[in-house]
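Here are a few exercises to work through with the model open beside you. Try each task yourself before reading its solution.

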Amino acid sequence: MRKFFRPREYFKPETLEEALNLLAKYGESARPIAGGTDLLVKKPPEVEYLIDIASLPLDYIKNDGEYLKIGSLSTFHSIETSSLFKEGAYRILAESAHDFGQATVKNMATIGGNVCSAVPSADFPPVLMVLDAKAKIVSLAGERIVSMEEFFAGVRKTVLRSDELLVEFQIPKPPPHTGAAFYKLGRTSVDIALVNAAARITLRSDGVCEDARIALGAVAPTPIRAKGAEKLLRKKEIDEALVEEASQTASEETKPISDVRSSAEYRKEMSKVLVKRVLQKSLKRAKGE
Amino acid sequence: MIKLNVNGEIHEVRVKPYWTLLRVLRNELGLTGAKLGCGRGECGACTVLMDGKPILSCLTLAARAEGKKIVTIEGLAEGLKLHPLQEAFIKNGAIQCGFCTSGMILSAKALLDRNLNPTEEEVREALSGNLCRCTGYVKPVKAVLEAAEIMRKGGSR
């Protein structure tokens with residue numbers, strides 16, 4: 001195998017079909033490129049064919065009433081500035097996109113790329129997980145829908161086959177009295193997350209918690225749901241003590257590593273703090289405060 | 001062979017599939033205003049405008065830029081007449097070594113093109129991808145705010 005990133009051919013398909021044909025033809029030796037902010041940093045030497053998918057019509061945000069549909073080539077800039085995400089539970093899409101990184105990278109990086117590169121510290125997967133998002137994946141063989149929880153297979157690994165493309169995220173309409181929040185801890189707001197967390201809480205009209213979802217990034221090989229903590233909150237009236245308990249439980253559900261950015265102990269402790277903050281904020285928002 | 005529209009001029013360039021826009025600008029077209037700093041999207045020294053938006057030319061394939069309008073720092077002045085942002089950077093001493101300057105000015109231009117009345121916070125955010133290792137950001141931010149004021153009052157562009 002070569003040592004350097006020296007793809008021999010570059011394609012710029014205009015249609016999805018063309019792109020899928022190229023992926024099917026070249027298999028593992030081909031790699032789709034969207035924003036390029038991950039691929040051209042990593043420069044994988046095994047790539048022989050670059051399939052530039054930026055011209056495909058996958059940069060859109062639509063709301064058909066039942067589902068919010070976001071094309072996988074939407075940039076963080078489009079998400080951040082979309083008028084559809086000014087209020088309600090969808091607000092965390094814009095908020096997390098705002099915190100994603102520096103202005104230049106937000107103009108380039110796509111949400112599909114952020115998810116498909118499957119970096120454990122990525123900001124968007126926890127957000128999509130609490131919003132119960134599904135990924136629409138297509139290939140010449142047809143299409144399939146995969147939930148965000150089933151999508152990640154490990155560090156930089158997903159269930160995506162080499163002939164498939166992730167084309168769309170589908171987010172079901174959140175029920176009334178739903179609030180969501182995202183929090184990222186990094187050295188600076190534009191840096192990679194040391195830990196990130198997202199939560200979504202739905203209340204019944206009597207104030208009891210109907211549903212709770214908590215997801216964390218950078219604390220395990222893949223983004224994770226804190227299901228034990230979620231269970232503690234469901235069907236209960238949430239107060240400070242319960243938030244505290246759920247945060248502790250969520251922290252115990254993490255399996256962080258120590259690396260150059262921070263230690264495992266620190267990540268575990270901060271998971272607790274972040275979950276507490278996103279739960280408090282989600283709760284407030286669910287109550288309409 | 002690709003055609004690139006850089007500062008309003010069309011250039012035909014023979015490129016390899018993995019050549020970045022930065023490499024083509026600097027090595028093939030001789031436009032050395034955009035700098036190679038980190039080469040991995042951290043520093044912003046390679047910032048250019050693509051269809052009006054600041055992007056990192058070190059992480060953009062040259063072939064991707066075909067059909068887009070690229071603006072580099074060389075495209076800002078009209079003859080000997082500098083852009084108000086360039087004037088303001090000089091006047092405010094917002095340049096030391098100059099390595100980050102072209103990127104900073106282009107990020108600032110993209111901001112002022114859509115918002116001529118930015119807050120300091122908005123300026124800082126627009127410059128968030130342009131790292132300065134000499135001195136800091138106080139003077140560049142001041143320069144951008146001053147250029148905005150001059151442009152609001154009808155100073156050229």
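**Exercise 1: a strand and its partners**

β3(B) and strand β4 (residues 53-56) of chain B pair in the antiparallel sense over four bridges. Strands here are DSSP runs of E of at least two residues, numbered from the N terminus, and two of them pair if DSSP finds at least two bridges between them. Before you start: this is a predicted model, where local features need pLDDT of at least 70, side-chain atom pairs count only at pLDDT 80 or more, and totals for chains, interfaces and linings use all residues. Residues are numbered from 1 along each chain as its sequence is written, while chains are lettered from A and ligands numbered from 1 in the order in which they are written.

Task: find what sits around Leu49(B) on both sides of its strand.

Solution:
- Start at β4(B), where Pro54(B) is the bridge partner of Leu49(B).
- Look at the turn next: two residues separate β3(B) and β4(B) in a hairpin, and Asp51(B) in that turn has a positive phi of about 45°.
- Now go to strand β5 (residues 69-71) of chain B, which pairs with β3(B) in the antiparallel sense over two bridges. There, Val71(B) stands opposite Leu49(B).

**Exercise 2: which way do they point?**

Task: sort the residues of strand β3 (residues 47-50) of chain B by direction, and say whether they are buried or exposed.

Solution:
- Recall that in a regular strand the side chains alternate between the two faces of the sheet.
- Thr47(B) and Leu49(B) go one way, Val48(B) and Met50(B) the other.
- All of them are buried (20 or more other C-beta atoms within 10 Å of the residue's own, with C-beta atoms placed from the backbone; exposed would be 12 or fewer, partly exposed in between).

**Exercise 3: where two domains touch**

Task: describe the side of domain 1 of chain B that touches domain 2 of chain B.

Solution:
- Set the bounds: an automatic or database assignment gives domain 1 (2-75) and domain 2 (84-152) in chain B.
- Their C-alpha centres lie 21 Å apart.
- Count contacts (C-beta atoms, placed from the backbone, within 7 Å): 15 residues of domain 1 touch 13 residues of domain 2.
- The elements giving two or more residues to domain 1's side are β3 and β4 of chain B, and β3(B) gives the most, with three.

**Exercise 4: how confident is the model?**

Task: find the mean pLDDT of chain B.

Solution:
- pLDDT is the predictor's confidence in each residue, from 0 to 100.
- Chain B has a mean of 95, and 98% of its residues reach 70 or more.
- The model also scores ipTM 0.92 and pTM 0.94.

Key:
Two residues are in contact if their C-beta atoms, placed from the backbone, lie within 7 Å. Ala, Val, Leu, Ile, Met, Phe, Trp, Tyr, Cys and Pro count as nonpolar, Asp, Glu, Lys and Arg as charged, and the others, Gly among them, as polar.
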